[in-house]
Amino acid sequence: MAKKTKKKNTDNPTSREFKKAAVLGTGKKSKAPLIITLFAAAILAGGALYFLGPEKEAGPVAATAAAVKNDATEFVYNVSDYSDGKARYYSYKTPQGLAIRYFLLKSSDGVIRAAFDACDTCWAAGKGYRQEGDFMVCNNCGLRFSSVKINEIKGGCNPAPLTRETRGDKIIVKVKDIIDQGSFYFDFNRS
């Protein structure tokens, strides 16, 4: 005759087996505290990397969609789009096929500034500028230019200024100014 085995009742907190397992530490253990601890550790590690990690280099912000084409003669941008101080890069393709690049940014003194993504000296390299904090840095020669000097100083390796106009909460850039002032820097077929 087979011996009848009695199933231990370790799920009922009032049972003797449950209490014995609790005292001896042999009962079923929930994995929930371990999972919660690992999840919390992962969140803390991710937060530490985000806040204490190396400073992120400001990269170009693609913003062509931010421009609202008013008509065939000008582009209209919202001043509020530049409140973070990051440069937004744009490109305008002329009827002759030149892709003229320019950027707008709000400098540290609160002024919206505009310049071509080129300069008198390094334009032929076609490398433009990158933003590092409050500076625009030439990607060809590495010279740095304070944002508050854009549209103020021209020549040399300074970002070539682009005429812009502020109308209320809008920045206006005229297509004629883009072509007349910027074609020089983006016609790579000229010698």
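Modeller: Before we start, a residue is called buried when its relative accessible area is under 20%, exposed when that area is over 50%, and partly exposed in between, using a 1.4 Å probe and protein chains only. This is a predicted model, in which local features need pLDDT of at least 70 and side-chain atom pairs count only at pLDDT 80 or more, while totals for chains, interfaces and linings use all residues. Residues are numbered from 1 along each chain as its sequence is written, and side-chain values use heavy atoms, with hydrogens and water left out.

Biologist: OK, is arginine 113 buried or exposed?

Modeller: Arginine 113 counts as buried, because its relative accessibility is 3%.

Biologist: And which residues does arginine 113 form salt bridges with?

Modeller: A salt bridge here is a side-chain nitrogen of Lys or Arg within 4 Å of a carboxyl oxygen of Asp or Glu. Arginine 113 forms one with aspartate 109, where the closest N and O atoms are 2.8 Å apart, and another with glutamate 152, at 3.2 Å from N to O. The pair of arginine 113 and glutamate 152 links distant parts of the chain, 39 residues apart, since arginine 113 is in strand E6 (residues 112–116) and glutamate 152 is in the loop between strand E9 (144–146) and strand E10 (165–167). Helices (H or I, at least four residues) and strands (E, at least two) are DSSP runs, numbered from the N terminus.

Biologist: How exposed are those two acidic partners, aspartate 109 and glutamate 152?

Modeller: Aspartate 109 is partly exposed, with a relative accessible area of 43%, whereas glutamate 152 has 55% and is therefore exposed.

Biologist: How many salt bridges are there by this rule?

Modeller: The count comes to nine. One of them joins aspartate 180 and lysine 176, at 2.5 Å from N to O, and both residues lie in helix H3 (residues 175–186), four residues apart, about one turn of the helix. Aspartate 180 and lysine 176 are both exposed.

Biologist: Switching topic, which residues have the most contacts inside the largest nonpolar core?

Modeller: A nonpolar core is a set of buried Ala, Val, Leu, Ile, Met, Phe, Trp, Tyr and Cys residues joined through side-chain atoms within 4.5 Å. The largest one has 22 residues, and those with the most contacts inside it are Tyr77, Tyr102, Leu104, Phe116 and Ile178.

Biologist: Which element gives the most to this core?

Modeller: That is H3, with four residues. There is also a second, separate core of 13 residues, which includes Tyr89, Leu105, Cys119 and Cys138.
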